[in-house]
Every structure is written in C-alpha cells, then in structure tokens.
Amino acid sequence: MKSAKNGRDGRTRIIEGALRRFSQDGVSATTLASLREESGVSVGSFYHHFASKEHVFGVLYAEILAAYQAAFLTELVNHQEARDGIEAVVALHMRWAGEHPERARLLVSERPPRKTEPGGAEVAEARRAFFRQVSDWWRPHMKNGQLQVVHPTMCYVLWLGPAQEMCRLWFAGAHTPTDEEIKGLGEAAWQSLRQR
C-alpha cells in the first residue's frame, strides 16, 4: 500500500531508510526504532513487511549484491581479452562504489547474511550463480595460458582485495583515489592473476 505522503509504499520506504541508517551507523548500531523513524512507518506497517531489523538487512544486502553482480558481469563479458577484462572490472568496482557509496559501503563493511539468516539463502545462491558466470569467462583464458587456475575466494582477493581496501579508505574520508591510482589497481590485479 502506498502512502499519501510521498507515493512510495512502506516496503520501499523501509528499504531506503535502512540503507541510509545502515550505511551511516552500521547494522549493529541501528535500532528498530531508528529504522521506523527514518522510514516514517508505523510499527504495524514495519511488521507487515519485515519480521526484524535482520530481515531488512538480509533483503537489502541481497538487492545490493544482485545490482553489483549484474554490473560486474555486464562489464566483464564486454571484454574478450583477459587483461582487458581484469582491469575493466577493477575500474568498474571503483566507479560503482563512487556512484553508489551507501550501497558499496554495506558490501565493503558488513558481513553478508549467513545461510540460516534472513536473505542468506538468496545471497548464497546469487553468489553461486555469479561465480559460475565468472568461471565461464575465466576458463578459456585459463586454458589458453593467460590466467591462473585459482580458487574463487583467492580469485576475489587477488582481483578486488586492494580495490576493496581503497574503498574503505575512501569511505572513511582518509583518501580519495585518483584515476591513476585506479588504473594502478587494475594493473596490480592483472599481475596477480596472470599466468607466468
């Protein structure tokens, strides 16, 4: 049901408010009362849409992850050459973080929901599907001797670990990355992942 106040339904308002609160205060420091206040919904409306703060976080995290993964895959499949794809994804990661700082802050700072927690099963399935698609792009480059054989977790750490750390500094207000530094992060990822 949409509110007369602004035309957005309660669920949307709760998700938008949660994004602001979780991004600013962190999930653990955000209270249910502050979520309701931020979104302008009643207790009844909140519980009509969500069972708990953790439920809101699980749904929000899954939505953010899906949007990020879609952008990642769109960028990746546009590149036929291994080096181009590796470097382009690092640039995309940094660009996406700059365009969606609240969303990126949650992905960088918060632990994903576990399988047994609200949203956890959806996040786990999305990750499996995502890694299958990344592997489909990776495999031919591995077979032709350009990219290493690497476990998905290690691949993520080598590919985006330094970019994630740069995002943490950026979000903390400690350093704003330059275009040259972002290019350097892409080159470092390529050097870490290429076959020698």
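Select R21 first and show its neighbours: leaving aside residues up to four places away in sequence, R21 touches G26, T30, S34, L35 and E38. Keep in mind as you look around that this is a predicted model. R21 sits in helix α1, which covers residues 10–25, and its relative accessible area is 14%, so it counts as buried, the limit being under 20%. Now add Q24 to the selection and display both side chains, because here the side chains of R21 and Q24 are joined by a polar contact of 2.7 Å.

Next, move to the largest pocket, which holds about 620 Å³ of space. To find its centre, select F130, F131, P152, Y156 and L160, which are the closest to that centre among the 32 residues that line the pocket. If you then colour the helices α4 (53–77), α5 (82–99), α6 (101–109), α7 (120–143) and α8 (152–171), you will have marked elements that each supply at least two residues of the lining of this largest pocket. Colouring the lining by residue class gives 23 nonpolar, 6 polar and 3 charged residues.

Finally, turn to the second largest pocket, where about 160 Å³ of space lies. Select V27, E54, F57, E110, R111, P113, E117 and P118, the residues that line this second pocket. How do the residues of this lining divide into nonpolar, polar and charged? The lining of the second largest pocket has 4 nonpolar and 4 charged residues, with no polar ones.

How values were computed
Residues are numbered from 1 along each chain as its sequence is written. This is a predicted model: local features need pLDDT of at least 70, side-chain atom pairs count only at pLDDT 80 or more; totals for chains, interfaces and linings use all residues. Side-chain values use heavy atoms; hydrogens and water are left out. On a 1 Å grid over the protein atoms alone, a cavity is a set of points where a 1.4 Å probe fits but cannot get out, and a pocket is an open set with protein on both sides within 12 Å along at least five of seven lines; lining residues have an atom within 4 Å of a point. Grid points are joined across faces, edges and corners, and a volume is the space filled by probe spheres set on the points. Helices (H or I, at least four residues) and strands (E, at least two) are DSSP runs, numbered from the N terminus. Ala, Val, Leu, Ile, Met, Phe, Trp, Tyr, Cys and Pro count as nonpolar, Asp, Glu, Lys and Arg as charged, and the others, Gly among them, as polar. Buried means under 20% relative accessible area, exposed over 50%, partly exposed in between (1.4 Å probe, protein chains only). A polar contact is a pair of N or O atoms within 3.5 Å; within protein, one must be able to donate a hydrogen and the other to accept it, and residues adjacent in sequence count only if both atoms are side-chain atoms. Contact means heavy atoms within 4.5 Å.
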